[in-house]
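User: Please take a close look at one part of this model for me. I would like to follow how the sheet and the helices of the first domain are put together, with a short look beyond it.

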Amino acid sequence: MSRIVHVNGKWLPEAAASVPVFDRGFLMADGVYEVTSVLDGRLVDFAGHMARLARSLDALGIVNPHDDAGWLALHREAVARNALVEGAVYLQVTRGSAGDRDFAYPPAGTPPTVVLFTQSKPGLADNPAARSGWKVISVPDIRWGRRDIKTVQLLYPAMAKMMAREAGADDAWFVEEGLVTEGSSNNAWIVANGRLITRALSPEILHGITRAAVMRLAAEMQMEVEERAFTIAEAQAADEALVTSATAFVMPVVAIDGVDLGSGRPGPVVTRLRAIYIEEMRRAAI
Ligand code: PDD
C-alpha cells in the first residue's frame, strides 16, 4: 500500500512527494528528526519526542515550524491517513533550501522543510527478536561531538549496522576511550548485581526518550540505576544487557563481541522491564 506522506503542509502519495535538490538536508545532512512509535494507533511518549525536537532545532538555530499542538495534529493525521495501528511516525525538519549549494546558512526567514511519514511495523510490541535477544559487536565511536542533537547525519551508524550484519550480529555498540557510549541507534545498558547501569547524559550520547521512561519505571520498581559509563569487558561479565529506543523499546542483548552473557538468553530483569515498559506506554499513549 502506498503511503500518504506530509511535505511542507501537503499530503501526497509517497511517489509524488519530493523535496528540492538544493535542500540542505540532502546536501549537508543539515536537519534533525524524531521517531515516535505508535501502539494501537496512538503515539507513545509524544511529549518527550517534541521536547527533544525543540532542543535539537534550537541547538542548530532552525526555527521550530510548529508548536506541540501543531505537531500533534500532523502526527495524528499521518496515523489516520495511513490507518497505522502499530509502527512509527518519522518526522524530519531541515534548514530548507536557498536554491543553491552554499556552506553559509540561507537567509533568515528561509522556510525549513518538514516531512512526516509512517512506517507500519506489526509485531513491534510482540517482537520475536525480544524473545531471543540481540547479539552486538563493538566498533570505535568516530561520530561528531554533538550526539545529543538528533541530526540526520546517520552514515556512520548505518555503516556500524552493516559491520554488525557482516559479523553475524544484530547491532553495534560504539566505544570511545575504552567506554561504551551507546548503540548504533539506541542507548546501551547493563544489569549487574540487580542494578541498571547506563551512561550519564552528555553531548556524547543521544538523550533517549525511551531511556528516560525506563529510568522513571525503574524508580517506581525500586530498582537502582547507576548513570555511569562501562567497558565492553564489564558488559560481557554483566548478568544482563539491553538497549532502549523508540522502535526497539527495551531489547535484550545476549552476546557482546561473541561472548554470551550469562545463559545467552534474555534474563529476568530485561524481560520484566520490557513488559512493564510496553504496558505503561500503551496505557499512556495519546
Ligand atoms: N534512534 N541513541 C541513538 C544514537 C539513536 O539514534 C536513538 C534513537 C537512541 C534512542 O533514543 P529514543 O529512545 O528517543 O528512540 C539512542 C531512532 C529510533 C532511529 O534513529 O530510528
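Analyst: What follows starts with the sheet, moves to the helices and ends with the second domain.

This is a predicted model, where local features need pLDDT of at least 70, side-chain atom pairs count only at pLDDT 80 or more, and totals for chains, interfaces and linings use all residues. Residues are numbered from 1 along each chain as its sequence is written, and side-chain values use heavy atoms, with hydrogens and water left out.

Start with the division of the chain. Domain 1 covers 4–120 and domain 2 covers 129–284. These bounds come from an automatic or database domain assignment. The centres of the two domains, taken over C-alpha atoms, are 26 Å apart. Domain 1 gives 22 residues to the contact and domain 2 gives 21 residues. Contact means heavy atoms within 4.5 Å.

Now the sheet. Six strands make an open sheet, in the order 2-1-6-5-3-4, with antiparallel pairing. Strands (E, at least two residues) and helices (H or I, at least four residues) are DSSP runs, numbered from the N terminus. Two strands pair if DSSP finds at least two bridges between them. Strand 2 (10–13) and strand 4 (42–43) are the edges; each has a single partner strand, so one side of each has no neighbour in the sheet.

Look at one edge. Strand 1 and strand 2 run antiparallel and are joined by four bridges. Ile 4 stands opposite Pro 13 in strand 2. The two strands form a hairpin with two residues between them. In its turn, Asn 8 has a positive phi of about 45 degrees.

Next, strand 3 (residues 31–39) and strand 5 (residues 87–94). Eight bridges pair them in the antiparallel sense. Within this pair, Val 35 has Tyr 90 of strand 5 as its bridge partner. Helix 3 packs on the sheet. It touches strand 1 (4–7), strand 2, strand 3, strand 4, strand 5 and strand 6 (113–120). The direction of helix 3 makes about 40 degrees with that of strand 6. Helix 2 lies across strand 3, strand 4 and strand 5, and runs at about 175 degrees to strand 3. Axes are lines fitted to C-alpha atoms, for helices over the stretch in contact, and angles run from 0 to 180 degrees between N-to-C directions.

The two helices also meet each other. Helix 2 (residues 46–60) and helix 3 (residues 68–81) pack at about 120 degrees, with axes 11 Å apart. Helix 2 and helix 3 are therefore oblique to each other. Angles under 35 degrees count as roughly parallel, over 145 as roughly antiparallel, 65 to 115 as roughly perpendicular, and the rest as oblique. From helix 2 come Phe 46, Met 50 and Leu 53; they meet Asp 68, Trp 71, Leu 72 and His 75 in helix 3. The residues of this contact divide into five nonpolar, one polar and one charged. Here Ala, Val, Leu, Ile, Met, Phe, Trp, Tyr, Cys and Pro count as nonpolar, Asp, Glu, Lys and Arg as charged, and the others, Gly among them, as polar.

Finally, domain 2. Strand 10 (residues 187–192) and strand 11 (residues 195–198) pair in the antiparallel sense over four bridges. Trp 189 has Thr 198 in strand 11 as its bridge partner. Strand 11 also pairs with strand 12 (residues 225–227), in the parallel sense over three bridges. Helix 6 (residues 209–220) and helix 8 (residues 268–284) pack at an angle of about 105 degrees, with their axes 11 Å apart. Helix 6 and helix 8 are therefore roughly perpendicular to each other.
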